[in-house]
Structure formats: structure tokens, C-alpha cells
Amino acid sequence: PNDWDVNTVANVQTSNDVPVVLYASDNDGQEQGYSNFNFPAIPANSTIDGVEVVVEAKSTDSGNDCQVRVNLSWNNGTNYTTAIDATIDDTEGVDTLGGSNNNWGRTWSVGDFTNANFVLKIQDRDPGNQCTDDATTSVDQIQAKVYYTEPVPKPDLTIVKTNNVGNNVVVNGTFVWTLLA
């Protein structure tokens, strides 16, 4: 999705008060996708516990009637998660969507968080037709954070050899070892 008037992608990566701006005539449905979050590598076989998105945004509508909607994709925008909405007004505010135990309605895998796969889509919304028709939505910053639990390592194999077989001492005997996983 690429419906917003975006100055540069860098504008949404840091809070620099140079927002990306959506000029909307109906305040409903314009979408913008963001990728290349450069998440650090998540260890293989980790369990994804949750995804948190922080949006710094405002609207020129002062009535607290406008929203931004966020969806996440794990396959470069082919499919998206359940949406989470944040209500915005004419004061720049920070909203946290999702969190450490919120998976946005899906089971994630480690490979979903690569630059090739992960896309965050933000959408301008007027949920009740109350948002002023010529309102402008501005987004100054978007952050995404992945919470995960690393797999518990299996303990090293410990072998204890005794020369005691059936309570009989065996000297110079041959033992056959069978290792089971």
C-alpha cells in the first residue's frame, strides 16, 4: 500500500517532527506500508510471544473522532493480521498497539521478521463518519518490537561408567554403549 504523501521513509523511523502526511478527502481507507525494520536476528526455534507497535500521530480533526489502523504482514504484504486501531486527535500522541503477549491474531515464526517478509501497514480511518472530511493525519514515528522466548537448550550428555554389572565387579570387560536421544 502506498496511498500516503511520504517525504522519506526516514521520517517514520525517528521522532523528528517531520511527519509523513495523508491528505484525505474522506479520511477512510488510505494505506501506507512500511518494511525494512532491520530486526536483529531472532534465534532459531524461538517462540514469538508478541509484537508491539508504537505510533506517534495526530489529526487536524480536534474531536477525537479519527483513527489510525495498523496491520502486520509476515509474507511481504500478501496477507495481514487482525487490525488494531488507535484513536487520534489534534494533539500529537503516542499509542502502543499490541504488546509482549499480543500476537495480532496469528502464530508467528522466526522467519516472519526479515526485511523480505515483515510489512507494517497503517491506514487512516473514520470509524463513525465523524472525522472532519478535510482532516489531515500525520504520523511522526512508527516503531515495531518483537518479544520472543529462546528455546531451552538441551543439556549436554553425561556418561558415567562404572565397572559394576549386576552387582558384580567386571575387570577388563567390554561394554556396549547405546545412546538414546
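How many helices and how many strands are there in the protein? The predicted model contains zero helices and ten strands. From the N terminus on, the elements run β-β-β-β-β-β-β-β-β-β. Of the 181 residues, 35% count as buried. The exposed surface comes to about 10500 Å². Carbon and sulfur atoms supply 45% of that area. Among contacts with a separation of 6 or more, 75% join residues 24 or more positions apart.

The largest nonpolar core was examined next. This core has 29 residues. Val 53, Val 55, Val 70, Leu 72, Phe 113 and Ile 122 have the most contacts inside it. At least two core residues come from each of strands E3 (47-59), E4 (66-73), E5 (84-88), E7 (119-125) and E8 (136-149). Strand E3 gives the largest share, five residues. Val 53 shows how the core residues meet other parts of the chain. Neighbours within four places in sequence are left aside here. Val 53 is then in contact with Val 70 and Leu 72. Further partners of Val 53 are Asp 95, Thr 96, Leu 97, Trp 104 and Leu 120. Ile 142, Gln 143 and Ala 144 complete the list for Val 53.

Strand E4 also carries a polar residue, Asn 71. Is Asn 71 buried or exposed? Its relative accessibility is 8%, and the cut-off for buried is under 20%. Asn 71 therefore counts as buried. The side chain of Asn 71 reaches the backbone oxygen of Thr 81 at 2.9 Å. With neighbours within four places in sequence left aside, Asn 71 is in contact with Tyr 80, Thr 81, Thr 82 and Ala 83. Val 119, Leu 120 and Lys 121 are also in contact with Asn 71.

Charged pairs were considered last. Side chains of opposite charge can pair when their charged atoms come close. The count comes to four salt bridges. One of them joins Lys 121 to Glu 31, with the closest N and O atoms 3.5 Å apart. Lys 121 lies in strand E7 and Glu 31 in strand E2 (residues 31-34), so this pair ties together parts that are 90 residues apart in sequence. Lys 121 is buried, at a relative accessible area of 11%. Glu 31 is partly exposed, at 21%.

Arg 69 forms a salt bridge with Asp 85. The closest N and O atoms of this pair are 2.7 Å apart. Arg 69 is in strand E4 and Asp 85 in strand E5, so the pair links distant parts of the chain, 16 residues apart. Both partners fall in the partly exposed class: Arg 69 has a relative accessible area of 22%, and Asp 85 has a relative accessibility of 29%. Which residues do salt bridges with shared partners join into one network? They are Arg 69, Asp 85 and Arg 125.

A further salt bridge brings together the side chains of Asp 112 and Arg 106, at 3.0 Å from N to O. Asp 112 is buried, with a relative accessible area of 8%.

Methods
Residues are numbered from 1 along each chain as its sequence is written. This is a predicted model: local features need pLDDT of at least 70, side-chain atom pairs count only at pLDDT 80 or more; totals for chains, interfaces and linings use all residues. Side-chain values use heavy atoms; hydrogens and water are left out. A nonpolar core is a set of buried Ala, Val, Leu, Ile, Met, Phe, Trp, Tyr and Cys residues joined through side-chain atoms within 4.5 Å. Buried means under 20% relative accessible area, exposed over 50%, partly exposed in between (1.4 Å probe, protein chains only). Helices (H or I, at least four residues) and strands (E, at least two) are DSSP runs, numbered from the N terminus. Contact means heavy atoms within 4.5 Å. Accessible areas come from the Shrake-Rupley method with a 1.4 Å probe; for residues, only the protein chains shown count as cover. A polar contact is a pair of N or O atoms within 3.5 Å; within protein, one must be able to donate a hydrogen and the other to accept it, and residues adjacent in sequence count only if both atoms are side-chain atoms.
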